[in-house]
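Trainee: Could we go through this structure together, one question at a time?

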Amino acid sequence: ILKNHYRNFAEVKDYCHYSANPIGRLLLHLAGQASPENLLLSDALCTGLQLINFTQDIEIDLVQQNRCYIPLDELAAFGVDLADIQQRKTTQQYIALVQKQIARAKELYLRGMQLGDNLPGFFGLEIRFIMVCGYTILERLLHRSDIWQKPVLSKPDMLFLLLKTLCKQPHARSGGEPALGKL
């Protein structure tokens, strides 16, 4: 059954459990790195990535596919109607609602960031590169001046992030910073 709206975050998280998380788990199994710790880290990271994607595509999902991943109870609590999003009404309530979605995505994403340090070799490098790209999108969502602007990574951005990933050593982090350093 295709679901277009979610009553609460538990339903959104359940969606991620069956859509995004199995991909990370499958990759870990294929690479022989499916320890219990890595699986939990992967779930947090994959759910965070999925939430980042949902947040950057709120309007697109709603207008083009009549789909909204912002929980209905949170829309109501912030006083935001789906029609407001369709009409691109920029209100303080909508901005606060989006900031809540970004904060939730960031919290989950950061919870999973240790995964990149746990994985060896080229596989670990690939995962760290994906992680730094996701984190960059997350930061751009957080700091964009236009709430409706979808952040993108250009080819030069991707090259810079790849070089940054190659130059950073795993386990070289301090405080609450991501494994790949502050972006």
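Below, a trainee and a mentor talk through a few residues.

Mentor: Happy to! Keep in mind that this is a predicted model.

Trainee: Let's begin with Ser42: is Ser42 buried or exposed?

Mentor: Ser42 is found in helix H3, which covers residues 36–56. Leaving aside neighbours within four places in sequence, Ser42 is in contact with Gly24, Arg25, Leu28 and Leu115. Its relative accessibility is 2%, and the cut-off for this class is under 20%, so Ser42 counts as buried.

Trainee: Thanks! Next, the cysteines: how many disulfides does the count come to?

Mentor: A pair of cysteine sulfur atoms has to lie within 2.5 Å to qualify. For Cys16, the closest cysteine sulfur is in Cys46, at 9.5 Å, which is too far for a bond. Cys68 is in no disulfide either, as its nearest cysteine sulfur, that of Cys16, is 13 Å away. By this rule, the number of disulfides is zero.

Trainee: And what is the relative accessible area of Cys68?

Mentor: Cys16 makes a good starting point, since it counts as buried at 0% relative accessibility. Cys68 is buried too, and its relative accessible area is 1%.

Trainee: Now to the surface: which residues form a nonpolar patch there?

Mentor: Take Ile23 as a way in: its place is in helix H2, residues 21–30. With a relative accessible area of 53%, Ile23 is exposed. The patch that includes Ile23 has about 410 Å² of accessible area together. Its members are Ile23, Leu26, Leu27 and Leu30.

Terms used:
Residues numbered from 1 in each chain as written. Predicted model: local features only at pLDDT ≥ 70, side-chain atom pairs only at ≥ 80, totals over all residues. Heavy atoms only, no water. Helix = DSSP H or I, 4+ residues; strand = E, 2+ residues; numbered from the N terminus. Buried < 20%, exposed > 50% of the residue type's maximum accessible area, 1.4 Å probe, protein only. Contact = heavy atoms within 4.5 Å. Patch = residues over 30% accessible without salt bridge, like charges linked within 9 Å, V, L, I, M, F, W, Y side chains within 5 Å. Areas by Shrake-Rupley, 256 points an atom, 1.4 Å probe, with all protein chains shown as cover. Salt bridge = Lys/Arg side-chain N within 4 Å of Asp/Glu carboxyl O.
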